[in-house]
Number of protein chains: 4
Amino acid sequence: MTKIPVAIVGASGYTGLELIKILLNHPRFEIAFLGASEAAGEIAKTHKSLNFVIKTEVEKTEIDEIARRAELAFLAVPHKQAARIAKELLAKGVKVVDLSADYRLTRENYEAAYGGEHEDLENLAHAIYGMSELVGVSAIQNARLVANPGCYPTASILAALPFLPFADLSQPIIIDAKSGVSGAGKSHSDRTHFVNVNENFFAYSPISHRHAPEIEEKLTIAANRETKAIFVPQLLPATRGMIASVYIRLAKQIADPNTIAREFYAANQFVRVINEPPQMKFVAGTHFADIYAMQKDGTIFVQSAIDNLLRGASSAAAANANLMCGLDLARGLPTIAYAP
Amino acid sequence: MTKIPVAIVGASGYTGLELIKILLNHPRFEIAFLGASEAAGEIAKTHKSLNFVIKTEVEKTEIDEIARRAELAFLAVPHKQAARIAKELLAKGVKVVDLSADYRLTRENYEAAYGGEHEDLENLAHAIYGMSELVGVSAIQNARLVANPGCYPTASILAALPFLPFADLSQPIIIDAKSGVSGAGKSHSDRTHFVNVNENFFAYSPISHRHAPEIEEKLTIAANRETKAIFVPQLLPATRGMIASVYIRLAKQIADPNTIAREFYAANQFVRVINEPPQMKFVAGTHFADIYAMQKDGTIFVQSAIDNLLRGASSAAAANANLMCGLDLARGLPTIAYAP
Amino acid sequence: MTKIPVAIVGASGYTGLELIKILLNHPRFEIAFLGASEAAGEIAKTHKSLNFVIKTEVEKTEIDEIARRAELAFLAVPHKQAARIAKELLAKGVKVVDLSADYRLTRENYEAAYGGEHEDLENLAHAIYGMSELVGVSAIQNARLVANPGCYPTASILAALPFLPFADLSQPIIIDAKSGVSGAGKSHSDRTHFVNVNENFFAYSPISHRHAPEIEEKLTIAANRETKAIFVPQLLPATRGMIASVYIRLAKQIADPNTIAREFYAANQFVRVINEPPQMKFVAGTHFADIYAMQKDGTIFVQSAIDNLLRGASSAAAANANLMCGLDLARGLPTIAYAP
Amino acid sequence: MTKIPVAIVGASGYTGLELIKILLNHPRFEIAFLGASEAAGEIAKTHKSLNFVIKTEVEKTEIDEIARRAELAFLAVPHKQAARIAKELLAKGVKVVDLSADYRLTRENYEAAYGGEHEDLENLAHAIYGMSELVGVSAIQNARLVANPGCYPTASILAALPFLPFADLSQPIIIDAKSGVSGAGKSHSDRTHFVNVNENFFAYSPISHRHAPEIEEKLTIAANRETKAIFVPQLLPATRGMIASVYIRLAKQIADPNTIAREFYAANQFVRVINEPPQMKFVAGTHFADIYAMQKDGTIFVQSAIDNLLRGASSAAAANANLMCGLDLARGLPTIAYAP
């Protein structure tokens, strides 16, 4: 069967690498273009683990060339830059899954959180937020531009969704979230220096983190009422994975919350509602989200675990690409965790 | 100046080791007895890092011998066992700092959380909970039996205390807490196996953990109103340290919460209210608790960091012993962190 | 195309899990039996990461049942136990890849290193040591019993092989090796306690480790001269992976050692001779061995990196099974590393 | 008793911090000057763990000011820069312990390893290499300029010293060394990025590392014969500590090597010859070096463990300062490890 040619723009980062890894095992996609800001020779020069695995060259990102070769492009580049590329690719008929924040928010929320004016309002108007649990499968199937959700919003929203109908949303939802360091990308900083992370744990940008408006905007849509969140991201001394503890005040009595979550996700093959707190290690390497919920004193405690680079970025992007290209959501998505 | 002779019962565990380390540098205490369930030769056989540092022998715990030699005993043994030893030592005039849970709670709360009947109700009646921020310095100065607080309660209560006057306590306080693995002690289990902890993060005994009733009982006393907590302990892939994220619903508007915390702890030389989220690494090795607070949407987010083995156990015990022996609380307490 | 049914005996350990993970992705093998000492319900009860992935039940190991269902069995059980099971399976016509040490050594070396009498001398006589680089592909293709090499011997021998022809073997080869903790298995011990491993590094059983005779016996065969080794295994604060630094005294001048290694392994698609020291992370999750060599003052320094659970155990076993069942060595072997 | 005023030039790095920590507990030294390239306010702004501990200001390094206030200066600045400062301080009568490489080597070796011309040949001529085990205590007592040894040379030389009289030095000594990441300092680089270090292990600059000539030069002096080394430094996924595996070919038969080492270091209170392989964790936080030796097939395997930032830098500097100021070598040196 012919494979569908796709491009990765931003192949040199961690999410670019994860996309490559998924596509190498994907039965229906093939890598037609690996783009970066500069040509960089074989991809194994950039990602040494790909030595002997794939010989594709990293090329300078050229819109025409991508349009000539690929049906869909994944954009794994910084925000602002993503919108500029997306705009041109869409104009040339290439479908786009954008892993940046550029098309996730309303114009108002985007400009407040990311600064400056949004540079592609036209496409923003019809971009679809790529979380099928929230927007439905068909919206993504019909989309030409999908905004791939942020990692923290993915973990937070998946945990909260089953309980929104029972929530007292006059109070903020509390999200105490923890991420592995790979979420910070390859850039060097105090926050990614081994000595500062190892044997350490700390919050960064609590309450004011840019993922907070994304969480609030999407929960508001899901709840169909204004929803506030107290969002606290924290850095774990680990490379991969993310856990969100979500605390929701109840407006009414509910039955066993884990049963409610299990029923809510009964038809979802990538959300595992389990009988004990989720462990980051059991989802690392996969598209799974693991969820567990309890209640006490009128409050829900629900926890979700995801791989921040996969369900929180690259495998979610692949799931969206699957739908946009007429494939089953599940095609080629990673399910076998790295554990032990 | 003559030194005050003290005993450590339970010298072979991590908190025993930390007590030894503190006492070696303490200007007014000297180690008069190191006890364990069996004699074990020089302490460096048990704690190899003490080779060339201290030659004291580990002896079988004998009440009479301790009473003959020591003015005060630290009990670093499991609950139940602690009460049996404390009872006998107190009867012989030895002051006791008990690091177990045996004298921390009311009889009712103790028996509900730890099972069985409390075996020393007489001393339980006059035991003092050893957190000076909560009970005041003089109560500890006059005590002959101090129940050293648990690590999670210490981190949680120190964070919550400044905000109880402003809290809406009709709702539970939410405590999302994270601990290094040393809190689990030396025992071998799935939860302390390196492969299960490394590159992982997970909650254990959420809501039902035995420190929950301790937290609720003490917060209720501090607030002078029934106070509930949703307490979620989680295991970090790190050896030492603890961070508690505490979320408190406000009953009324307040000014800048960090200023409130700073004023609350203005006279406290071991609580550092800082201008950014605390880092576990900057308190590891010390008696300090670092605190930072923010508010949003009628909710306080306050975070505390402590060394679980020190402020959460052994240096807190030393602080209590200082007061019980007429010394300044601060004498000989560790202040220089292990960082980097 | 019909798949070849295979059994895993010892499905509950780490190497059992890795075998399952490989077989799930293998185009020609299917899991026909998962055995353990006791029936244990669905495998996801034992390996939680397999939840939603595979529903196969773990059964009590029954020789007849395995023989009825499987053409080949992987034995991932302790030595001694392995020989007892292998003997019976072979008698019933099932091919065996034994991951234990039971068939790796001559009787003399085995009994000296592992104690007691070897219980299956008959099969020992025709067992093949499953490293194709050493014994050739056809020996394994024709074998009905393959002794899968130990992890340390694999890393050590692959590094040393290209240089044996140039070595002064009157002197021992020095092997300074480092392993992740998963090599110690799931058992609880001081050596696997997180607190003892984290922020630590130490040698265990230096010189006397049981893999030393395996290394010496196989290098002796490869060199066709008695070869001695100083073998020092060390524990890394990491879960997966292994690096061996091998130092070999030269008997004669040689050209660039990395070129020699590259030519030696030119036809080997799973040995990557690279231009800088190998990194453990770039082979973790794969069957690759990465190798780099230098020389100075008449001495070769050559380093190899492997995944201790894969190239050092389970993917090597799969490679051997491929050959024993008439497949290409490379079929279904993992090549995509977990990095980042 | 009056304290001796000392300066730290380069207070903002890890070794600067460790010097501060030692001096805070030192009975006879007091910090008279903390210097950096720019004034930086209270030292706790730079090293946050020192908040509430010490309020000294970090000043711009001014030679005259240091000379006015301090009797001795520790230089914890990069090489080249160190020589420029040392030269001026010495001219003004300030004793200097230089933690850089500037005065460790002969001019020839220095210029070959570090490039450029040495800028202070005059002082280089009388600088003393600050390892008392090698040069004797009195040489340091009489020195006004001490070159503090590198971390790798310290670990390597301490391990090798007892065996040089028995060694076949026609062959290189093999040194397979492993260091925690703090050895790389605070600078950001791929090699200090958490994601690249965690769950990883690799050699860097094998054979060609700048510490190799230091090791060879000093071993040559100690052995009184030309001595070569194959030196392989490797990065551990840990913050602190260093282990060197040293392999030495014997020229003659020797008795038990551990006994030889124990007798060699019998009078040395900071070298612990132990009965099992040393563990990095048991020396972290201390000035101790732990050593263990075995032999096989005419080859010594000897391993040493040190804290790279202390025995490998700052506590060694303090020991040298003690001697240079007429104090006992041991005064105020840290002996209590961070373990657990």
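**Stop 1: two strands in chain D**

Select residues 173-179 of chain D, which are strand E9, together with residues 242-249, which are strand E12: these two pair in the antiparallel sense over six bridges. Two words need pinning down here. Strands (E, at least two residues) and helices (H or I, at least four) are DSSP runs, numbered from the N terminus. Strands pair if DSSP finds at least two bridges between them. Now click on D:Ser179 and look for D:Met242, its bridge partner in E12(D).

Before moving on, a note on what you have open: this is a predicted model, where local features need pLDDT of at least 70 and side-chain atom pairs count only at pLDDT 80 or more, while totals for chains, interfaces and linings use all residues. Residues are numbered from 1 along each chain as its sequence is written, and chains are lettered from A and ligands numbered from 1 in the order in which they are written.

**Stop 2: the whole sheet of chain D**

Widen your selection to the open sheet of seven strands in chain D, ordered E10-E11-E9-E12-E15-E14-E13, with mixed pairing. Which strands are at the edges? They are E10 (202-203) and E13 (271-273) of chain D, and each pairs on one side only.

Next, add helix H11 (residues 211-223) of chain D, which packs on the sheet and touches E9 and E11 (229-235). The direction of H11 makes about 140 degrees with that of E11(D). Angles like this run from 0 to 180 degrees between N-to-C directions, and axes are lines fitted to C-alpha atoms, for helices over the stretch in contact. Contact has its own cut-off: the C-beta atoms of two residues, placed from the backbone, lie within 7 Å.

Then show helix H12 (residues 257-264) of chain D. Helix H12 lies across E13, E14 (289-296) and E15 (299-306) of chain D, running at about 145 degrees to E14(D).

**Stop 3: over to the sheet of chain A**

Hide chain D and show chain A. Here you'll find an open sheet of seven strands in the order E10-E11-E9-E12-E15-E14-E13, with mixed pairing. E10 and E13 (271-273) of chain A stand at the edges with a single partner strand each, so one side of each is left without a neighbour in the sheet.

Pick out E9(A) and E12(A), which run antiparallel and are joined by six bridges. A:Ser179 stands opposite A:Met242 in E12(A).

Two helices are worth adding to the view. Helix H9 (residues 151-160) of chain A lies across E9, E11, E12, E13, E14 and E15 of chain A, at about 45 degrees to E12(A). Helix H11 (residues 211-223) of chain A lies across E9 and E11, at about 140 degrees to E11(A).

**Stop 4: where chain A meets its neighbours**

Bring in chain B. In this interface, 40 residues of chain A are in contact with 40 residues of chain B. Several strands of chain A each supply at least two residues of that side, among them E9 (173-179), E11 (229-235) and E14 (289-296). Which strand gives the largest share? E12(A) does, with four residues. By class, this side of chain A has 23 nonpolar, eight polar and nine charged residues. (Ala, Val, Leu, Ile, Met, Phe, Trp, Tyr, Cys and Pro count as nonpolar, Asp, Glu, Lys and Arg as charged, and the others, Gly among them, as polar.)

Now swap chain B for chain D. This contact takes 12 residues from chain A and 12 residues from chain D. The side of chain A that touches chain D has four nonpolar, seven polar and one charged residues.

**Stop 5: two domains in chain A**

Colour residues 4-149 and 312-324 of chain A as domain 1, and residues 152-306 as domain 2. The bounds come from an automatic or database domain assignment. The C-alpha centres of the two domains lie 24 Å apart, and their contact takes 19 residues from each. On the domain 1 side, H5(A) gives the most, with four residues.

**Stop 6: a pair of helices**

Finish with H1 (residues 14-24) and H13(A): their axes come within 8 Å and cross at roughly 50 degrees. H1(A) and H13(A) are therefore oblique to each other. (Angles under 35 degrees count as roughly parallel, over 145 as roughly antiparallel, 65 to 115 as roughly perpendicular and the rest as oblique.) To see the contact, select A:Thr15, A:Glu18, A:Leu19 and A:Ile22 of H1(A), plus A:Ser314, A:Ser315, A:Ala317 and A:Ala318 of H13(A).
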